[in-house]
Amino acid sequence: MSLLDKISGLAQKAKENVVSKTFISKDKRLEHSLSEHIKVNDIYFEKVSTYGLPSTINVIAYDCIAGLLAVAGDSTHAYIKVFGKGISTTINLPKSVGIKYLQFKTGFPILIVIDKANTIITLDLRTKSIRHVLPAPAIITSQTYCIGTDWLFIGYANGFIDVFDIMQGTMTPYQIPDLLENQEVIDPQEISHQHIVVDLQMHPTELNTLLIGYEAIVFVWNIRESTIRRSYSLRKLDKSSIYRNANLTCFAWSPNGSRFIAGYDDGCTHLWDVKNEQKPITSRRISEAFSAVAGEEGAAASEPIYQIAWYANTAASKSYVVVAGGSNALDIQGLNVLEFDLDSDSREAKKQSIMPLPTDLSHFLILSTDPYYLGMHNPLGIAVIGADHCLRVLSLEHGFPLFKLPPALEFLGPNILNACHIPQLPSAAFKRLAGMTTSDRQTRYLPITGGVAGPEHVYHIDANDLLVTIHQGEVVKFWDASYTALRPLSHLTIHCLDDLVDQEAFLCCLDVNKTNGTFTIGFSDGSVLVYEYQPDAQIPTEVDPRLRKRNEEFINSCDDTLKEISDLLEDMGSVSDTQEEEHDHSHATTASTNPFLSEQPTSTTTTVTTEGTTNPFLSPSPTHHHQPQQQQQDIPSEASTPQLPPRNASKSPSIFHSINKHGDKAGFYPLVRISLGTLPVKSVVSLGDSIIAAASEDGTLYVLDIYRQLILFSCNIAQIDFQNTVVVPAVQPKSDIAAELEEADPSKTEQKKPASITSIRFFNTYSSTKVMAISTQLYVGLSNGHIYQFNLSTLDKVTPETLNEHLSMRMIPSGPVLDMHMIDLAGVPQSALSQYVHEEQKKLSKQPSHHSSHNSDEETSPKPSSIISNSSSVATSTTSSSANNKDVPSKRMAAIGKGEYRQQEHPHLNVCISTNSVQVFLSGYNVKLFAREFNVNNAKIIQGQVVSWHQGTCLVLLMENGKLAFYSLPALELMLEMSLPNHCLLDRLQEASLGRDGRVVFWSGKYQMEQFSFIPKPDMHFGESVILFDSSRAMPSHPSLVTQLQQQKTKKTWLDTVAGAFQKEPLTLQDLDLLMGRVPMEDPNELRRQKIDAYKAKMEKEASGSSNSKGPGGVFSQLGDKMNERGEKLNQLDQKFQDMNAASGDFLKAVKEYNERQARKKWWEF
């Protein structure tokens, strides 16, 4: 910048100071502080809510007794998110190494975590803290939990198995050695050097049986005797068998425990009977049922089976095997399901089907309803984590319908890309969009019923907040953000690609109409989609068939009559059409183009019979029936208002494409697709019921009527601004304001290319030509700091040659205009919901408009973003202009600051925010009253918002360094600076949102947002208090006697009866605890009860002895004591007999093993 430019800039600033002081001296109201009552000490951050998850998820766990669902993050985010009924909380872990296994101690407030560093961590859900941390001695490869106990069996890559004490956080003395070391089932040379424990699973009904799987052999382990009961291996098959060399990957017990099915790395499953160790009873290749056409590539290649589960449906008397893997590359993605009869021992599955999934899956979890029987009796559904790390929960009913997940998990299905938070939506629009519908009542939510909300927890806040999220695949979801945990508005979900021509286009900007809820989206291919909200369809009343038939006959007769009239008009049309075209052309060139002076056409329909036409305007909108206007090709840009159709509005048949989809359910349905070229649409904003303004990337501004499908105005403002600022033709009409601004802006010679439109706003305020009359103004901010102002009632007079007259303000120093806020001297916003009509204009209008004007004292804070730009406005001015004041031209006054200034009854202040300055202008006169500049070394402004509460109004700026700066209005004096919470992502601050009521929403994770309040709100309370574990939920008793009852019902032979006499009783929970090394602890309640019973017996004995010590009662008492002694002796004898029986059984077993070893000896070994 040259010295001359610096001097010129300083001179202009001095001149602006003189002008502003002149205005302020004549109207002291302009310097009255709106922030004088604000107490800085009352400004602090208060947590409101958290949305989403910090990252994708890898592992899940479910507790059917506590009703809790837990998910774990990826390898770079060490956290556990636990969900209950309408509540959730996050538990952070010390290391970010990823989580391998997640397991609830069912029915207890303990969660076990095994990370990828092989560290075992137990979490206390009551305190949300870590209980124990124990490093494992080797790499953990498998684990299984014994339901109803404290024992977690852990398998290692070295072949050993340990038992982890969940309550104590230590390993028990009980250990299972590497069973492959001394096995004699198969040749050791056929076993790999790595003895990996592939899978573990407890028996569904017995506590004494554990199924242990290695790659080559599966063992049935006797826990009490620490011996191998049976072994199963494909290596026992003939060497010619194609299954012989397959390695085990997973297995699952049958519901009754008599069989198990195993999956292998060749894509096959083998069903084993526990009594038959020689070979499987049946083998099945999963891909055979859905095999590809013979001869195609990949038809024979099957992926390994990496997870399997077997559950029972007792109501249908069927059992189902769910298999993950085993499919060909050409098969449908999903889970394979094999169907068996529950009570029969059939070898082959009756049917094989597939549970389709949108993506390949990582793993799944059966969500149980009964904790016992491995949780496989009548499960609730199946939770699937896909390869995209999204969670989906499918019901096991017919068709496998999806459950609705908690909102935080829905952020990942598909993954969220961006979001737009719209606070304080007007009540009418909010109730229309967020009201309960038939679809909401029919939605099936995942029944997560656990947890309790604490006394300070707040579910709902008194705010009409809407959250719009954009997901992969251009899916738009809506949420009721007045609920701290979000309430999904599933009926509003939009799949944009279904309505776009270019499937590669992505969403750039959006707008929610604050009057009728219409949703407008701009895309990267230049398309604009307009979605109209449709409520639930009304149930039609029954019509008498005879009346329906009579109506049909009448309609048919009317159609015949209309056809005859149409044919007659066609014959007469050649002469009349020519005459009408000449008349319309002459009238259009001579008549006034003021839309308020045009008369409403008397006809509501127009029939055009041009053959082969593609004009979309020939069909009127189904909602608003208007006569389409004739095209005027010689007028490049036209104007209109929401009230009356203009005479000169142009209609291009290639821009509007009617869609008009409708349905029976409530939701958004596409109304029209608008093509604005091939460049991205950067901003869109709505006004009233039908007017939208859109800006494309090249700086072209469009004002459109979506219902009448008219282009009301279009002009490349950025290109003309560039020509006027840099190229500067020889003869170019300029306004006095534009001339003064151009002289003072030293940056005009530095601009190398046309600017872009960065901000669009509608305000009900004063125009630059009528400074005493309020009307609807359109403000357009450019990236070079120029601000253009258009009066909607005179848009038809704007041409490229006169565009420079509408350059009303210029930000010096220049910088992109981020936002504009219009307020009155009381801090009330003047944003426009609908067209503002002055009383004089109403008198000129001969017909009332179908568009209504609604006033509201609420405002929605726009959310500027690099991707999303919610540029809608929400509040209507509550001020009115005096009808007696005369219009005063302000051009000369703004330039020289003379005494022509006349006080406005209700002055408006325009707060303009750029990246490096904030400037306050007086609306109408467009005089800069106050300014605050930020040096290059200071942090840039990301966005700004005028915040109001009971103490006053101030300006809040969000800076790129993560700070909130508070400035007084209108003087722009710094009041306070405070940093956002540390977990705020600074690189996504442009996507943050500032609300007018003093709330900020920012990204704290890749898929997580947090909301904080920073000003006091006496009428709005916030709080988060979550109790994850509900102690009133009791764990049911363990069904340890099921096996014994089944054995008693089974018909036995005499040999089974004799053999059973030497068998031990089933293992109990107390026995299992003793085997694991736990010293039995006496229950204090039981001790107390025994003491009370002993004391009562003693007192009764003394009472009976004192009353009748020598009577018959005393004799019987002595006999009773002797009988009790005899019973105790008999019990002791019975215990000794049982011990002898156990010893004889051990001796019999030892003899049997000795005989087997002798039988296996060769002749040379004797």
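In what order do the 4 strands of the open sheet that includes strand 40 stand, and is their pairing parallel or antiparallel? In this predicted model, the order is 40-41-42-43, and the pairing is antiparallel. The edges of this sheet are held by strand 40 (681–687) and strand 43 (710–716), and because each has a single partner strand, one side of each is left without a neighbour in the sheet. From one strand to the next, the twist averages 15°. Within the sheet, strand 40 is joined by 6 bridges to strand 41 (residues 691–696), the two running antiparallel, and Val681 has Ser696 in strand 41 as its bridge partner.

A further open sheet is built from 4 strands in the order 44-45-46-47, again with antiparallel pairing. Here strand 44 (757–766) and strand 47 (807–810) are at the edges, and since each has a single partner strand, one side of each is left without a neighbour in the sheet. The twist in this sheet averages 25° from one strand to the next. Strand 45 (residues 774–782) pairs with strand 46 (residues 786–791) in the antiparallel sense over 5 bridges, and Val780 stands opposite Tyr788 of strand 46. In general, the strands of a sheet pair through backbone hydrogen bonds, in either a parallel or an antiparallel sense.

The strand pairs described above are set out here.

| Strand pair | Sense | Bridges |
|---|---|---|
| Strand 40 and strand 41 | antiparallel | 6 bridges |
| Strand 45 and strand 46 | antiparallel | 5 bridges |

Helix 3 offers a view of how a helix is placed against strands. Which residues of helix 3 (residues 427–434) are buried? They are Ala429, Phe430, Leu433 and Ala434, and, seen down the helix axis, the buried residues fall within an arc of 105°, so they line one face of helix 3. The face turned away from this buried side carries Ala428 and Lys431, which are exposed. The cover over the buried residues of helix 3 includes strand 31 (466–471), strand 32 (475–480), strand 33 (487–488), strand 35 (507–512), strand 37 (527–534) and strand 39 (667–675).

For the protein as a whole, there are 14 helices and 59 strands, and 52% of its 1166 residues count as buried. Among contacts in the protein with a separation of 6 or more, residues 24 or more positions apart account for 60%. The accessible surface of the protein comes to about 54,200 Å², and carbon and sulfur atoms contribute 53% of that area.

Note on methods:
Residues are numbered from 1 along each chain as its sequence is written. This is a predicted model: local features need pLDDT of at least 70, side-chain atom pairs count only at pLDDT 80 or more; totals for chains, interfaces and linings use all residues. Side-chain values use heavy atoms; hydrogens and water are left out. Buried means under 20% relative accessible area, exposed over 50%, partly exposed in between (1.4 Å probe, protein chains only). The arc is that of the directions from the helix axis to the C-beta atoms. Contact means heavy atoms within 4.5 Å. Accessible areas come from the Shrake-Rupley method with a 1.4 Å probe; for residues, only the protein chains shown count as cover. Two strands pair if DSSP finds at least two bridges between them. Axes are lines fitted to C-alpha atoms, for helices over the stretch in contact, and angles run from 0 to 180 degrees between N-to-C directions.
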